[in-house]
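Here is a short briefing on one protein chain. Look through the sequence and the structure first, then work down the bullets.

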Amino acid sequence: MQLPDPGGLSGQQVRGRACVWCAVALRNSTAVDLGVREVDAHGSSASWFPRGCRPCAILNAHKAVLDHSQGCLRCYDNPARCAEGQALRQKLREVRG
């Protein structure tokens with residue numbers, strides 16, 4: 001799933017206190033964990049733990065599934081044979097709750 005560049009996000013968004021897409025404030029009970037990501041920080045690798053609100057996470061996960069499956073011959077032929085497509089569909093199920 002495509003995420004915004006952390007360099008263009010607010011401190012709250014980078015720290016996971018606000019949605020990376022819409023910047024709405026998040027609580028632990030409402031936040032969707034988007035998985036650890038690696039980012040280049042001044043020539044060093046750093047871990048980033050982005051979070052989003054459920055509506056934005058669902059919208060972006062759904063978009064990622066559609067974007068992938070429309071151009072993937074494995075998904076067209078047999079979705080069970082595409083590991084990337086399966087991972088994207090699993091993430092969509094997770095963010096839907």
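The points below cover two helices, the nonpolar cores, the salt bridges and one buried glutamine.

This is a predicted model. Helix 2 and helix 4 each supply at least two residues of the largest nonpolar core. Three salt bridges turn up in a search of the whole structure.

**Helix 4**

- Helix 4 runs over residues 83-96, which makes 14 residues. At 1.5 Å a residue, these should span 20 Å. The end C-alpha atoms are 20 Å apart, so the expected span and the model agree.
- Which residues of helix 4 are buried? They are Gly85, Leu88, Lys91, Leu92 and Val95.
- These buried residues cover an arc of only 125° around the axis, so they sit on the same side of helix 4.
- The buried residues of helix 4 pack against three elements: strand 1 (31-33), helix 2 (54-71) and helix 3 (73-77).
- Glycine 97 comes just after helix 4. Its phi is positive, at about 90°.

**Helix 2**

- Helix 2 has 18 residues, and at 1.5 Å a residue they should span 26 Å. Its end C-alpha atoms are 26 Å apart, which agrees.
- The buried residues of helix 2 are Cys56, Ala57, Asn60, Ala61, Ala64, Val65 and His68.
- Viewed down the axis, the buried residues of helix 2 fall within an arc of 165°, so they line one face of the helix.
- Are Pro55, Leu59 and Gln70, on the other side of helix 2, buried or exposed? Pro55, Leu59 and Gln70 are exposed.
- The cover over the buried residues of helix 2 includes strand 1, strand 4 (51-53), helix 3 and helix 4.

**The nonpolar cores**

- The largest nonpolar core has 13 residues. Within this core, Val20, Leu34 and Val95 touch the most other members.
- Helix 2 gives this core its largest share, four residues.
- Another core, of five residues, lies apart from the largest one. Among its members are Cys19, Leu26, Ala31 and Cys53.
- Which residues does valine 95 touch, leaving out those up to four places away in sequence? Valine 95 touches Val32, Arg54, Ala57, Ile58 and Ala61.

**Salt bridges**

- Lysine 63 pairs with aspartate 67 in a salt bridge, and their closest N and O atoms are 2.8 Å apart. Both residues lie in helix 2. They are four residues apart, about one turn of the helix.
- Lysine 63 has a relative accessible area of 46%, so it is partly exposed. Aspartate 67 also has 46% relative accessibility and counts as partly exposed.
- Arginine 81 and aspartate 77 form another salt bridge through their side chains, at 2.6 Å from N to O. Both arginine 81 and aspartate 77 are exposed.
- The side chains of lysine 91 and glutamate 94 also meet in a salt bridge, at 3.6 Å from N to O. Lysine 91 and glutamate 94 are three residues apart in helix 4, so about one helical turn separates them.

**Lysine 91, a buried charged partner**

- Is lysine 91 buried or exposed? Its relative accessibility is 18%, so lysine 91 counts as buried. The cut-off for buried is under 20%.
- Glutamate 94, its salt-bridge partner, has 44% relative accessibility and therefore counts as partly exposed.
- Lysine 91 touches Met1, Asp33 and Leu34, not counting residues up to four places away in sequence.

**Glutamine 13**

- Glutamine 13 sits in helix 1 (residues 11-14).
- At 8% relative accessibility, glutamine 13 counts as buried.
- What does the side chain of glutamine 13 reach at 2.9 Å? It reaches the backbone oxygen of cysteine 19. Cysteine 19 is also one of the members of the five-residue core.
- Leaving out residues up to four places away in sequence, glutamine 13 touches Ala18, Cys19, Val20, Trp21, Ala23 and Trp48. One of these, Val20, is among the residues that touch the most other members of the largest nonpolar core.

Conventions: Residues are numbered from 1 along each chain as its sequence is written. This is a predicted model: local features need pLDDT of at least 70, side-chain atom pairs count only at pLDDT 80 or more; totals for chains, interfaces and linings use all residues. Side-chain values use heavy atoms; hydrogens and water are left out. The expected span of a helix is 1.5 Å times one less than its number of residues. Buried means under 20% relative accessible area, exposed over 50%, partly exposed in between (1.4 Å probe, protein chains only). The arc is that of the directions from the helix axis to the C-beta atoms. Contact means heavy atoms within 4.5 Å. A nonpolar core is a set of buried Ala, Val, Leu, Ile, Met, Phe, Trp, Tyr and Cys residues joined through side-chain atoms within 4.5 Å. A salt bridge is a side-chain nitrogen of Lys or Arg within 4 Å of a carboxyl oxygen of Asp or Glu. A polar contact is a pair of N or O atoms within 3.5 Å; within protein, one must be able to donate a hydrogen and the other to accept it, and residues adjacent in sequence count only if both atoms are side-chain atoms.
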